[in-house]
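This report walks through one protein chain. It starts with a term, then moves from fold to contacts.

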Amino acid sequence: QAVRLDPLSSATLVITGALYRVRGRYQRALDYVENTLQIDPENGFAKWLEAVVYRDTGQLDKAMDVASTIRENPAWGFTYGLVLARLGRDEEARRELEKLEGPPPHVLALVFLNAQFGENDEAFRWLKVMSDQMPHPWYPWLLGWLPDLETVYDDPRVREMAEEIGLGDFR
């Protein structure tokens, strides 16, 4: 309904696309990416979404092409490292991780990349930084359902963090 009410909002479009991605409706997510980029061709969130949809669907060459276009973006450049990690190019991906410094704006990237490497203690360290900086807009999403963090969801610390902000039974 939000898209119907404001069809020219790039924020609404890209968030809707992200919701479709989480539900495994990748083509629909890409449709929303395309619509977002028609309105806002430099939208880093949309390019991140496009790259991770391609990554999730095994289209790694396309994912790398898109991620390369936002590699220098201060907020979304970490996407390049995510794709490198999926390609098994861990050494290069770790170099991308080392370029990042603590928050802001890289706390989200540090959570994602550490989770990608299965370094859950480090991912949780950065999740804790996010919780301490509330209200961080991504924090509840990260605790609940982003596929990028599947390596951490079985850890009891996720439930504890969710309960701290009143999410209760979030999964």
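Contact here means heavy atoms within 4.5 Å. Leaving aside neighbours within four places in sequence, Arg 89 is in contact with Met 64 and Leu 84. Arg 89 sits in the loop between α6 (79-86) and α7 (90-99). Its relative accessible area is 33%, so Arg 89 is partly exposed.

The model is predicted: local features need pLDDT of at least 70, side-chain atom pairs count only at pLDDT 80 or more, and totals for chains, interfaces and linings use all residues. Residues are numbered from 1 along each chain as its sequence is written, and side-chain values use heavy atoms, with hydrogens and water left out.

## Overall fold

The chain has 11 helices and zero strands. Helices (H or I, at least four residues) and strands (E, at least two) are DSSP runs, numbered from the N terminus. Buried residues make up 48% of the 171 residues. Buried means under 20% relative accessible area, exposed over 50%, and partly exposed in between, with a 1.4 Å probe and protein chains only. Among contacts with a separation of 6 or more, residues 24 or more positions apart account for 49%.

## Helix α9

Helix α9 covers residues 120-132, 13 residues in total. From first C-alpha to last it reaches 18 Å, close to the 18 Å expected at 1.5 Å a residue. That expected span is 1.5 Å times one less than the number of residues.

Which residues of α9 are buried? They are Asn 120, Ala 123, Phe 124, Trp 126, Leu 127, Met 130 and Ser 131. Seen down the axis of α9, these buried residues fall within an arc of 165°, so they line one face of the helix. The arc is taken over the directions from the helix axis to the C-beta atoms. The face turned away from the buried side carries the exposed residues Asp 121 and Asp 132.

Ser 131 also gives a reference point for helix α11. Ala 162 and Ser 131 are 31 residues apart in sequence and 9.8 Å apart in space, C-alpha to C-alpha. Ala 162 is found in α11. At 0% relative accessibility, Ala 162 counts as buried.

## Salt bridges

A search of the whole structure finds 10 salt bridges. The criterion is a side-chain nitrogen of Lys or Arg within 4 Å of a carboxyl oxygen of Asp or Glu. Three of them are tabulated here, with the relative accessibility of each partner.

| Pair | N to O distance | Basic partner | Acidic partner |
|---|---|---|---|
| Lys 47 and Glu 42 | 3.7 Å | Lys 47, 12%, buried | Glu 42, 62%, exposed |
| Arg 157 and Asp 121 | 3.0 Å | Arg 157, 28%, partly exposed | Asp 121, 56%, exposed |
| Arg 125 and Glu 122 | 2.8 Å | Arg 125, 44%, partly exposed | Glu 122, 29%, partly exposed |

Where do Arg 157 and Asp 121 lie? The pair links distant parts of the chain: Arg 157 is in helix α11 (residues 156-164) and Asp 121 is in helix α9, 36 residues apart. Glu 122 and Arg 125 both lie in α9, three residues apart, about one turn of the helix. Elsewhere, salt bridges that share partners join Arg 21, Arg 55 and Asp 56 into one network.

## Aromatic pairs

A pair of aromatic rings is described by the distance of the centres and the angle of the planes. Rings of Phe, Tyr and Trp (its six-membered ring) pair if their centres lie within 6.5 Å; planes under 30 degrees apart count as stacked, over 60 as edge-to-face and the rest as tilted. The structure holds seven such pairs. The rings of Tyr 20 and Tyr 32 have centres 5.5 Å apart and planes at 20°, so the pair is stacked. Tyr 20 belongs to helix α2 (residues 10-22) and Tyr 32 to helix α3 (residues 26-39), 12 residues apart. Tyr 32 is buried, with a relative accessible area of 10%. Ring pairs also link Phe 45, Trp 48, Trp 76, Phe 78 and Phe 112 into a cluster.

## Nonpolar core

Which members of the largest nonpolar core touch the most other members? Of its 48 residues, they are Trp 48, Leu 49, Phe 78 and Val 152. A nonpolar core is a set of buried Ala, Val, Leu, Ile, Met, Phe, Trp, Tyr and Cys residues joined through side-chain atoms within 4.5 Å. Trp 48 and Phe 78 are also in the ring cluster. Not counting residues up to four places away in sequence, Leu 49 touches Val 14, Gly 17, Ala 18, Arg 21, Ala 29 and Val 33. Of these, Arg 21 is also part of the salt-bridge network.
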